[in-house]
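Here is a short set of exercises to work through with the model open in your viewer. Try each task before you read its solution.

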Amino acid sequence: MSLSWAWFFLVLATFPWLLGVDLLSDALATSGVCLFVSGAAIIAPCRRLRRWQAVLFAACVGFLFEALRPIPDGSLALLLVGAAIYLTAHRDEIRDMPKMFWAAVLVNGLACTTWFVAAGLAHLKQVPLFSLHFLGQWLVHLLLATIMAVLLLVPLTLVQNFAMDKVGVPQPDEAT
Amino acid sequence: MDNNRQGAKASYVALVFFIGLWMLVPSAVRRFNREAFAEFQAPALHLVGKGRDLARYWELKSRSPEELAAASRDLARINAALELKIHTLDDARKENVRLRELLRYPSSTEFVTLVARVSVRETSSWWQRIIIRKGRSDGVVPGCPVVFGDRVIGRVSIVHLTTSEVDLVTSPSFRCTAFLEGDEQNNVVHVSGGAGLSLTAPRALVSIIPVEYNPPAGQIAKVMTTGLGGVFPAHLTLGTLESGVHSTAEKHLQEGVLTPAKELNFIQEVSVLIPKYPTAGEILLTPADNSKPEEFR
């Protein structure tokens, strides 16, 4: 199996988790919250994939979230690409599990904030940026994104590591 | 490590360059990209929807024969009543067509009904939408009204090959004109979705209600479509004004909160109303070369 397609196989392995979170959001549709885990999904691949592969993976994860939602094109995907570049340049910061948790919470929170604000900019007439409504809604989504990142990081990492092992991606220490 | 960080700097520069390029590329490129990722997810959404149908099938199959027989008897009675109603309505329709022809009155928009199952619901503060398992290949076009019985669910916003995204009545991008029950002057009011509050039921806003309007005593006023503009057929129920109406800050108009007609977040199946003939707007937007009569060429 070609190593250059590792990022794509990883997208295929990650997609069921993204879909599962969408279904969870669906089950909670009456509460009007959108659960989000795409930011946490790029942490484990960034430890092992080469930079260009991690960038493609992060872009795909971002575009998958944007595709079915009225979010300005590329806002989330490009942020995740930026995060992937940073994480692949600082692999020592996501070397062990506690650091990965921090990274997952930070990236997921940042990505959640990005799509929330980007989508909210279209409704500034109704909901001003610094109103209680806007900040309250943002905090609810941020809190849920943090919880989702903490809860799903371990199973997501296990599945992604399994997929990367199968494809033959080198272990974190060997990756450059 | 230094080489790695050095490479990262080049990647940041490339990213900034790409962001600039992304903002400059024609919107068709971005639309194609969005469409490609939506189509990538479409089979999974179909699978989810079919899985739900299968679960429902097995749930129904586990019911006792007595229960099913009772349900079948009730349905037979309802069918008989509806058949009678269809005959009455058919007579009225023929009469209506004849009178319109006599008066040379423009006919109202006719629709083909397409039943579609709901795949996934998507809600957030900024959008309330459902994804249905019918798309471009089934004839769905953006802007088609989506109903359940005589109740409005929303409007198709984006169409993919085999799926479509429907903005619900409560979604901020939804706009519609309406009549209020009990308003004898038939004033046209405006219904619009609004940015929702999480952890509360979604609502829409009914505005431009004249100050003279009083909801009918002892009952909740219904909000119904006008049929103006040709998007929605007339007299479909958009919802109710459960909390009544109140004056705006300027005191010269009233507004109220619309409670949707159907529990939008539990709905499993909807009907998409596809116009039989293109609307005036669509005709204007089609390239003129193909439709230009011979004498004008």
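The exercises below concern a predicted model, and each one comes with a worked solution.

**Exercise 1. The contact between the chains**

Task: Find how many residues each chain gives to the contact, and describe the side that belongs to chain A.

Solution:
- Start with the counts: chain A brings 35 residues to the contact, and chain B brings 38 residues.
- Next, look for the helices on the side of chain A that touches chain B: α1 (6-27), α4 (51-67), α5 (75-89), α6 (97-120) and α7 (132-167) each provide at least two residues.
- Finally, sort the residues on that side of chain A by class, which gives 17 nonpolar, 12 polar and 6 charged.

**Exercise 2. A helix with a bend**

Task: Follow α7(A) along its length, and say where it bends, which of its residues are buried and what covers them.

Solution:
- Begin with the bend: at A:Leu152, α7(A) turns by about 45°. A proline, A:Pro155, comes within four residues after that point.
- Now list the buried residues. Ahead of the bend residue, they include A:Phe134, A:Gln137, A:His141, A:Leu144, A:Ala145, A:Met148 and A:Ala149. A:Leu152 is itself buried, and A:Leu153, A:Leu156, A:Gln160 and A:Met164 are buried as well.
- Then ask what lies over these residues: the cover includes α1, α2 (38-41), α3 (43-48) and α6 of chain A.
- End just past the helix, where A:Gly168 follows α7(A) with a positive phi, near 95°.

**Exercise 3. Two helices packed together**

Task: Describe how α6(A) and α7(A) pack, giving the angle, the distance between axes and the handedness.

Solution:
- For the geometry, the angle between α6(A) and α7(A) is about 145°, and their axes are 9 Å apart.
- For the handedness, the crossing of α6(A) and α7(A) is right-handed.
- For the residues, α6(A) contributes, among others, A:Met100, A:Phe101, A:Ala104, A:Val105 and A:Phe116. Facing them from α7(A) are residues including A:Phe134, A:Trp138, A:His141, A:Leu142 and A:Leu153.
- By class, this contact of α6(A) with α7(A) holds 14 nonpolar and 6 polar residues, with no charged ones.

**Exercise 4. The largest nonpolar core**

Task: Name the residues that touch the most other members of the largest nonpolar core, then trace the contacts of A:Ala58.

Solution:
- The largest nonpolar core has 114 residues, and A:Ile42, A:Ile43, A:Phe57, A:Ala58, A:Leu80 and A:Ala84 touch the most other members.
- The element that gives the most to this core is α4(A), with 12 residues.
- For A:Ala58, set aside the neighbours within four places in sequence; the contacts are then A:Ile42, A:Leu80, A:Val81, A:Ala83 and A:Ala84.

**Exercise 5. An overview of chain B**

Task: Summarise the make-up of chain B in terms of helices, strands and burial.

Solution:
- Count the elements: chain B has 5 helices and 13 strands.
- Turn to burial: 30% of the 297 residues of chain B count as buried.
- Consider the range of the contacts too. Taking those in chain B between residues at least 6 apart in sequence, 60% join residues at least 24 apart.

**Exercise 6. Buried, exposed or partly exposed?**

Task: Place B:Asn186, B:Ile208, B:Val231 and B:Ala69 in chain B, and classify each one by its C-beta neighbours.

Solution: The cut-offs needed here are 12 or fewer other C-beta atoms within 10 Å for exposed, 20 or more for buried, and partly exposed in between.
- B:Asn186 sits in the loop between β6 (175-180) and β7 (189-193). B:Asn186 is exposed because 8 other C-beta atoms lie within 10 Å. Its phi is positive, near 50°, in a residue other than glycine.
- B:Ile208 belongs to strand β8 (residues 204-210). With 15 other C-beta atoms within 10 Å, B:Ile208 is therefore partly exposed. B:Ile208 is not a glycine, yet its phi is positive, about 55°.
- B:Val231 is in the loop between β9 (222-225) and β10 (237-240). Here 19 other C-beta atoms lie within 10 Å, so B:Val231 is partly exposed. Beyond the neighbours within four places in sequence, B:Val231 contacts B:Gly143 and B:Pro145.
- B:Ala69 is part of helix α3 (residues 65-103). B:Ala69 counts as exposed because it has 10 C-beta neighbours inside 10 Å.

Methods: Residues numbered from 1 in each chain as written. Chains lettered and ligands numbered in written order. Predicted model: local features only at pLDDT ≥ 70, side-chain atom pairs only at ≥ 80, totals over all residues. Contact = placed C-beta atoms within 7 Å. Nonpolar A, V, L, I, M, F, W, Y, C, P; charged D, E, K, R; others polar. Bend = angle between axes of the 7 residues up to and from the residue. Axes fitted to C-alpha atoms, helices over the stretch in contact; angles between N-to-C directions. Left-handed = near helix turned anticlockwise from the far one by under 90°. Core = buried A, V, L, I, M, F, W, Y, C linked by C-beta atoms within 7 Å.
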